[in-house]
Amino acid sequence: MTRLQFHPVWEDKLTQKQKEELFTFFEGLAPIHKEFGVALVRGKYKKNGGAVATVLLRNGFEKPMDIERVKAKILDRDNILIAEKEFELDLRLQAESALPWSFVFSKDSVIRPSINPNNWMIHVHLP
């Protein structure tokens, strides 16, 4: 994994400090090869009862990949389901790169609204 890329909306929205924090997080990850991976940057509950998981989507393949639909699950360290939702996306991950993204779970998709976000893990399944 050689580089971190930003979606155009994120490129314009993030401050330089936020970008540097993401670069630091990215540089601390073990490389992946010939696989798709996801690393949870941070998670939080929203005031409306929903949840947000900010992640790095990681493409360890030597070719770009297009992501159009995913099923994302937030679990705790004991594999207890916290939230689950399908997302429609229009993302292109360059070869051997990572892309920050946030999955916003509605209140209806949150099953357990009180588990500490520091204990969260995320699983993202491609069809």
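**Exercise 1. Which residue in E3 stands opposite Gly37?**

Before starting, note that this is a predicted model, in which local features need pLDDT of at least 70, side-chain atom pairs count only at pLDDT 80 or more, and totals for chains, interfaces and linings use all residues. Residues are numbered from 1 along each chain as its sequence is written, and side-chain values use heavy atoms, with hydrogens and water left out.

Solution.
- Step 1: Find the strands, which are DSSP runs of E with at least two residues, while helices are runs of H or I with at least four, both numbered from the N terminus. Strand E2 covers 36–45 and strand E3 covers 51–59.
- Step 2: Check the pairing, which requires at least two DSSP bridges between two strands. E2 and E3 are antiparallel, with 9 bridges.
- Step 3: Read off the partner: Gly37 faces Arg58 in E3. Along the same lines, Arg42 stands opposite Thr54 in E3.
- Step 4: Look at the turn. The hairpin of E2 and E3 has 5 residues between the strands, and Gly49 there takes a positive phi near 95 degrees.

**Exercise 2. Work out the order of the 4 strands in the mixed open sheet, and explain its edges**.

Solution.
- Step 1: The order is E1-E6-E3-E2.
- Step 2: E1 (3–4) and E2 stand at the edges with a single partner strand each, so one side of each has no neighbour in the sheet.
- Step 3: Add the helix. H2 packs on this sheet and touches E1, E2, E3 and strand E6 (97–105), where contact means heavy atoms within 4.5 Å. The direction of H2 makes about 130 degrees with that of E2; axes are lines fitted to C-alpha atoms, for helices over the stretch in contact, and angles run from 0 to 180 degrees between N-to-C directions.

**Exercise 3. Describe the open sheet of 3 strands**.

Solution.
- Step 1: Its order is E5-E4-E7, with antiparallel pairing.
- Step 2: E5 (81–93) and E7 (120–125) are the edge strands, each with a single partner, so one side of each is left without a neighbour in the sheet.
- Step 3: Neighbouring strands here are turned by 25 degrees against each other on average, direction ignored.
- Step 4: E4 (65–76) and E5 are joined by 10 bridges. Met65 stands opposite Leu93 in E5, and Asp66 has Arg92 as its bridge partner.
- Step 5: In the hairpin of E4 and E5, with 4 residues between the strands, Asn79 has a positive phi near 65 degrees.

**Exercise 4. Which parts of the chain does the aromatic pair of Trp10 and Trp101 tie together?**

Solution.
- Step 1: Rings of Phe, Tyr and Trp (its six-membered ring) pair if their centres lie within 6.5 Å; planes under 30 degrees apart are stacked, over 60 edge-to-face, and the rest tilted. This rule gives 5 aromatic pairs.
- Step 2: Trp10 and Trp101 are stacked, 6.4 Å centre to centre with 25 degrees between the planes.
- Step 3: Trp10 lies in helix H1 and Trp101 in strand E6, so the pair links parts 91 residues apart in sequence.
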